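Reader: I am new to protein models. Please take me closely through one part, the aromatic rings, and then place that part in its wider setting.

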Amino acid sequence: MKTHESSEHACCHEGHDAAAPVASGDYDLVPADYSGTVYTCPMHPQVRDVRNSGCPICGMALEPEGIVAGEEDTSELDDMTHRFWVSAALTLPLFVYAMGDLIPGQPLKHLVPADWAAWMQFAFAAPVVLWGGRPFFVRGVQSIRSMNLNMFTLIALGVGVAFIYSLVATVAPGIFPDAFRNAAGEVAVYYEAAAVITTLVLLGQVLELRARSETSGAIRALLELAPPTANRLRADGSEEEVSIDELASGDRIRVRPGEKIPVDGTVTEGSSNVDESMISGEPIPVEKQTGDTVVGGTVNGVGGFVMAATNVGDDTLLSQIVKMVAEAQRSRAPIQRLADRVAAWFVPTVVTVAVITFVVWAWLGPQPAMAYAIVNAVAVLIIACPCALGLATPMSIMVGTGRGAQNGILVKNAEALETLEKVDTIVVDKTGTLTAGRPELVTVDPLTGFSEESLLSFAAAVEIASEHPLAAAIVAGANQQSLPLQAQQNFKSITGQGAQATVAGKAVAVGNEKLMKSVGADDPQLPLTAESYREDGQTVMFVAVDGRAAGLLGVADPIKPTTPQAIVQLHRAGLRVVMLTGDSAATANAVARKIGIDEVQADVSPEDKIRIVRELQARGSIVAMAGDGINDAPALAQADVGVAMGTGTDVAMQSAGVTLVRGDLLGVAKARALSQATMRNIRQNLFFAFAYNTAGVPIAAGILYPFFGLLLSPMIAAAAMSLSSVSVIGNALRLRKATL
């Protein structure tokens, strides 16, 4: 969270009267050519202003549209805190004096002459109400003029009525008839109620602003993980220390042991282990060698390396994470519409109830009837303040999305977070989602006369000259085992069959059965063995040496280690898992059998994927689609919730509502758990707010008085109102500890 200007001095935007009526559609007050910080309301995103003037609809403090690095500007929090402590210091003696009547013998009443008592209370209360409560009156007047009645309407009315009534009673007590006087003929004043209410509302504002700041703390910490400078290499190889703002794509940067990586890039020299826990949540460092990608903000281990910058500035993964989470925190969940609908009629209803309360007490109440009428009407206005209702959804969304970011779950908007809870079918792509997305050598099966090492060494020596992806997997497998690759001669690639070459004086052929027949290495048993490997999802290649069958090599896209566990968790959560893949049915079914997929659709095109998602939706399923490629983007957009793997393409991420930084299906189960925890938290908050107001208003109106002789003091009403806000904030902050 960035700058929050003081509610007092930021009440108007240049050229706009803060209290002027704001017509529908006129909430965007940002000039077209403005390039500075823009503020918006977390509940009403259509409100945009260049200054934090408070939302003209709900009165809440505005927030910057983006999170900016650097020292957090807490001017509004500091201002509200200053107002609170000064008000509390003045309110405490006033409260003690006013409550002195409850002390036996009333010793405090004799400290101040009766003629001066009201003036003394005025002296303490006036700064609290007029200075401490000024932001509330400004917003209250604005809400009335724009006819967007909100919590500040009730606060301004309640405090204003109590204070003005008391002031008139102090200045001209003689104008009041007997209905306003007590048994001693005095007109009671309620300065302490006005001051206590103002102080408690200020406390609520301080707690809310602090809680909002805490919800952005994890994201701010992420943003500040990037180091301020980098060691850039000049053309002559010398180094210069520059700000990361000066880096451009293609710059060569030296990263020393223990340093933070400044921007996203690719390792060009050296190797090391990098702690990527800040984006993956995994504590085990990841080995990085030449050609591997590194992410800005992660921490280098004991090795040093040179990297080429690829993404800088706002294009880095770290910046994209921050941007996505900031937007999600400001977005509105559909459940917020319920609170909006209630608020639309709630405030006018409360004002009506307060008027009815005043009339009934003035007409039927005991003496002094008018005093009772004013006190109870004020109590109704104060206890009904819907601040808890306004905080219920935004607070949970802000904390929930922040918690998700800490676990590598980036939520694009609140609607995706809400919908994810309702999902009953998860559609997953195979390659890159269930599997690693790159072919690896998984089987080396030599025949008699050959060892695994010799078979693989011969095959890799031939395939090192091939450009086929399967050839690269064989060579990589040999390198992992540190096998020496002998020089080959007379390399020949045969389209549709394989490749041949001379290695250490021997004729080596690597390819399919047709190639084996052409070199005279036909073995009746090998095709049967090969078929068993194919049923396991492998692509099989035959190897022959000097016209003699030497063995088989199996290449496959390996299932990610966490995929089986993720499938188990999704099933446990009651989800049906459907796999869509462009791969062959044999390979797809082999993968499905291993990990327990419920339904398989193979040989599908991108058009088929979106068609299948639509068919599932037509049957009444709430569908989440998880994928990582450009071919998945249409289905991701069509699904009720799209889940993109962070290891995939930018197009997929832009089409999805949720992005998993680790590119791990286990993150889908965690994302759904986050959705369930957040929505459960929102419902709890809304229950607190609705139940509190439903029960509080009748009590404040005096419904218990005829039966039990109980009345609700405006001060107690203010304390209860603040407590409801604190309960909502506290409940929302529990999400920071949610188990995912």
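Author: We begin with some ground rules, go on to the rings, and then move outwards.

This is a predicted model, with residues numbered from 1 along each chain as its sequence is written. Local features need pLDDT of at least 70, side-chain atom pairs count only at pLDDT 80 or more, totals for chains, interfaces and linings use all residues, and side-chain values use heavy atoms, with hydrogens and water left out.

Now the rings. A pair of aromatic rings is described by the distance of the centres and the angle of the planes. Rings of Phe, Tyr and Trp (its six-membered ring) pair if their centres lie within 6.5 Å; planes under 30 degrees apart are stacked, over 60 edge-to-face, and the rest tilted. A search of the whole structure finds nine aromatic pairs.

Take Phe122 and Tyr191. Their rings meet edge-to-face, 6.0 Å centre to centre, with 65 degrees between the planes. Phe122 sits in helix H2 (residues 114-132) and Tyr191 in helix H5 (residues 191-215), so this pair links distant parts of the chain, 69 residues apart. Helices here are DSSP runs (H or I, at least four residues), strands are runs of E (at least two), and both are numbered from the N terminus.

How covered are the two rings? Buried means under 20% relative accessible area, exposed over 50%, and partly exposed in between (1.4 Å probe, protein chains only). Phe122 counts as partly exposed because its relative accessibility is 23%. Tyr191 is at 0%, so it counts as buried.

Tyr191 has another partner. Phe163 and Tyr191 are edge-to-face too, at 5.9 Å centre to centre and 70 degrees between the planes. Again the pair links distant parts of the chain: Phe163 is in helix H4 (residues 151-171), Tyr191 is in helix H5, and their positions lie 28 residues apart in number. Both Phe163 and Tyr191 are buried. Put the ring pairs together, and Trp119, Phe122, Phe163 and Tyr191 are linked into a cluster.

A ring can also have a charge over it. The test is that NZ of Lys or CZ of Arg is within 6 Å of the ring centre and within 35 degrees of the ring normal. Arg83 lies over the face of Trp131, at 5.2 Å from the ring centre.

Next come the charged pairs. A salt bridge is a side-chain nitrogen of Lys or Arg within 4 Å of a carboxyl oxygen of Asp or Glu. The whole structure holds 18 of these salt bridges. One joins Arg683 to Glu421, with the closest N and O atoms 3.0 Å apart. Arg683 lies in helix H23 (residues 666-701) and Glu421 in helix H12 (residues 414-422), so the bridge ties together parts 262 residues apart in sequence. Arg683 is partly exposed because its relative accessibility is 39%. Glu421 has 17%, so it is buried.

Another bridge stays within one helix. Glu615 and Arg611 have their closest N and O atoms 3.0 Å apart. They are four residues apart in helix H20 (residues 606-618), so about one helical turn separates them. Glu615 is partly exposed at 37%, and Arg611 is partly exposed at 38%. Arg232, Arg234, Glu240 and Asp251 are linked in a network of salt bridges.

Now the backbone. Most residues other than glycine have a negative phi, and most peptide bonds are trans. The bond from Gln367 to Pro368 is cis, with omega near -5 degrees. Pro368 is in the loop between helix H9 (336-364) and helix H10 (369-383). Ala504 is not a glycine, yet its phi is positive, about 50 degrees. Ala504 sits in the loop between strand E17 (498-503) and strand E18 (506-511). Asp546 has a positive phi near 55 degrees. The place of Asp546 is the loop between strand E19 (539-545) and strand E20 (548-556).

Last, the whole protein. There are 25 helices and 25 strands. Of the 740 residues, 52% count as buried. The protein exposes about 31,600 Å², with 57% supplied by carbon and sulfur atoms. These areas come from the Shrake-Rupley method with a 1.4 Å probe; for residues, only the protein chains shown count as cover.
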